[in-house]
Amino acid sequence: MVKQLINDFKKNFKRNSNFTQWPGLIEAYKEWLPISKKTPIITLQEGGTPLIELKSINKIIDKNVKVYAKYDGLNPTGSFKDRGMTMAISKAKEEGCKAVICASTGNTSAAATAYAKKGGMKSFVLIPDGYVAQGKLAQALVYGAEVLAIKGNFDKALKIVQEMSSKFPITLVNSVNPYRLQGQKTAAFEVVDALGEAPDWLCIPMGNAGNITAYWMGFNEYYQHGISKKLPQMMGFQAEGSAPLVLGRTIDNPDTIATAIRIGNPVNKEKANIVKKESNGKFIAISDKDIINTYKLLGEEEGIFCEPASAASVAGLIKLKEEIPKNSTIVCVLTGNGLKDPDCAIQNNEAVFKSGIEPELEIVAKSMGF
Ligand code: F0G
């Protein structure tokens, strides 16, 4: 049975199919990436994440559409950042780097540290004090980061690390590092490999706008090589209190429950605006209320626990319901795992939770309504 499945997988999987378990995205897509035989590949076998049909969302939209989630929260450190980090850290290692640095709303710090430590490097992370979800902070600590929590937001932290890396022998691994986007573009390859064609829409949350840029690069490369026959419209979503790309101006004090995308001055803003223009896409702001409602819906109806920032992609799609073309195929990127932010989960759910129940059958049964 398993053998049969592996054989089917090999038959259907078009590129580099000489492996029996997913080898990590550099190995899977090496012809498409700027690596050489000399590059030491630092991998946790990231990528190869599932594309899951969201039947409850198909029903809400009701236009014979097929909506899928690209569930990148299933990467080794629980977010899409692993795609970029396997490349950035492998290239840093190749260049003889001994330490890396990043600013982060949480996920980048977790991924950077996991890969840096695996590659035998130090990892320094600057985070906005008090605005990083507990799960992400726990990861950075367990992987062995040196964490510097600063009294300021992500934008301030990014400025500092950019300067630090220009003055000291330390490699910057935020998405201004070009290898990050190279690694992240493989998510678009995987989407096309799984669907056999590019989707009509790609819906994605935006913070620093690296990921939307990387997806667009990936879709374009496959398109230019004739692997797909079309390009998607790129739909980027931000939280209302933190929507510089939607409003077209820097936000000094960004605010949202989706702390991953609490960014007021995205470093990739010019690139993101080009993506919007070239793909005939849209950038839309979503309220925290809609983000949380969709977050709960994905958990309760689809069995998918993503983080609030990720739910913005599906919430955004629902908001654009009237504009969705009939019979279209849509992919929503779920960028991070819900376990990253347990406080948000515990405060935002409709579950029944009764505590202090005596351990007696009758009492338990009664509490259950029997
Ligand atoms: N979703 C999640 C879960 C994220 O962590 C981020 C960014 C984004 C979406 C937005 O991606 O910046 O490429 O537009 N997190 C960064 C971090 C900023 O530090 O972890 P983007």
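Which residue has a polar backbone atom 2.8 Å from an oxygen atom of the ligand? The residue is Asn-211, and the legends below, which describe a predicted model, begin with that site.

**Figure 1. Close-up of the ligand and the residues around it in the predicted model.** The ligand has 19 residues around it, of which Ser-104, Asn-107, Asn-208, Ala-209 and Thr-335 come nearest. Backbone contacts to ligand oxygen are shown for two residues: a polar backbone atom of Ala-209 lies 2.7 Å from an oxygen atom of the ligand, and a polar backbone atom of Asn-211 lies 2.8 Å from an oxygen atom of the ligand. Thr-335 contributes a polar side-chain atom, placed 2.7 Å from a nitrogen atom of the ligand. The ligand taken alone exposes 480 Å², and the protein buries 98% of that area.

**Figure 2. The largest nonpolar core, with 36 residues.** Leu-54, Val-67, Trp-201, Cys-203, Leu-317, Ile-330 and Leu-334 have the most contacts inside this core. Helix H14 (residues 308–319) supplies the largest share of the core, six residues. A second, separate core has 32 residues, including Phe-189, Val-191, Ala-198 and Tyr-215. In soluble globular proteins, nonpolar side chains tend to be buried together. For Cys-203, the contacts beyond neighbours within four places in sequence are Met-235, Phe-237, Ser-313, Leu-317, Ile-330, Val-331, Cys-332 and Val-333.

**Figure 3. Pairing of strands S7 and S8.** Strand S7 (residues 201–205) runs parallel to S8, and the two pair over five bridges. Within this pair, Ile-204 is positioned opposite Gly-236 of S8. Strand S8 (residues 233–239) is largely enclosed by the rest of the structure, because six of its seven residues are buried.

**Figure 4. The open four-strand sheet, in the order S5-S4-S3-S6.** The pairing in this sheet is parallel. Strand S5 (146–150) and strand S6 (171–172) stand at the edges with a single partner strand each, so one side of each has no neighbour in the sheet. Strand S4 (residues 122–128) pairs with S5 in the parallel sense over five bridges, and Ile-127 stands opposite Ala-149 in S5. S4 also pairs with S3 in the parallel sense, over five bridges, where Ala-103 stands opposite Leu-126 in S4. Strand S3 (residues 99–103) is mostly covered, with five of its five residues buried. The cover extends to both faces of S3: Ala-99, Ile-101 and Ala-103 are buried on one side, and Val-100 and Cys-102 are buried on the other.

**Figure 5. Helix H9 (residues 186–195) and the residue that follows.** Eight of the 10 residues of H9 are buried, and the helix is thus mostly covered. The buried residues are Thr-186, Ala-187, Ala-188, Phe-189, Glu-190, Val-191, Val-192 and Asp-193. Two of these names, Phe-189 and Val-191, also appear in the second core. Gly-196 follows H9 and has a positive phi, near 80°.

**Figure 6. Surroundings of Ser-328, in the loop between H14 and strand S10 (329–334).** Ser-328 counts as buried because its relative accessibility, 3%, falls under the 20% cut-off. The Ser-328 side chain reaches the backbone oxygen of Pro-325 at 2.7 Å. Leaving aside neighbours within four places in sequence, Ser-328 is in contact with Asn-64, Val-65, Lys-66 and Asp-200.

**Figure 7. Surroundings of Asn-58, in helix H3 (residues 55–61).** The relative accessible area of Asn-58 is 13%, so this residue is buried. Apart from neighbours within four places in sequence, Asn-58 is in contact with Glu-53, Val-65, Lys-66 and Val-67. Val-67 is also one of the residues with the most contacts inside the largest nonpolar core. Asn-58 and Leu-137 are 79 residues apart in sequence, and 35 Å separates them from C-alpha to C-alpha.

**Figure 8. Lys-37, in the loop between helix H2 (25–28) and strand S1 (51–53).** Is Lys-37 buried or exposed? Lys-37 is exposed, because its relative accessible area of 88% is over the 50% cut-off. Lys-37 and Ala-312 are 275 residues apart in sequence and 40 Å apart in space, C-alpha to C-alpha.

Technical notes. Residues numbered from 1 in each chain as written. Predicted model: local features only at pLDDT ≥ 70, side-chain atom pairs only at ≥ 80, totals over all residues. Heavy atoms only, no water. Core = buried A, V, L, I, M, F, W, Y, C linked by side-chain atoms within 4.5 Å. Buried < 20%, exposed > 50% of the residue type's maximum accessible area, 1.4 Å probe, protein only. Contact = heavy atoms within 4.5 Å. Near = heavy atom within 4 Å. Polar contact = N/O pair within 3.5 Å; in protein donor to acceptor, adjacent residues only side chain to side chain. Areas by Shrake-Rupley, 256 points an atom, 1.4 Å probe, with all protein chains shown as cover. Pairing = 2+ DSSP bridges.
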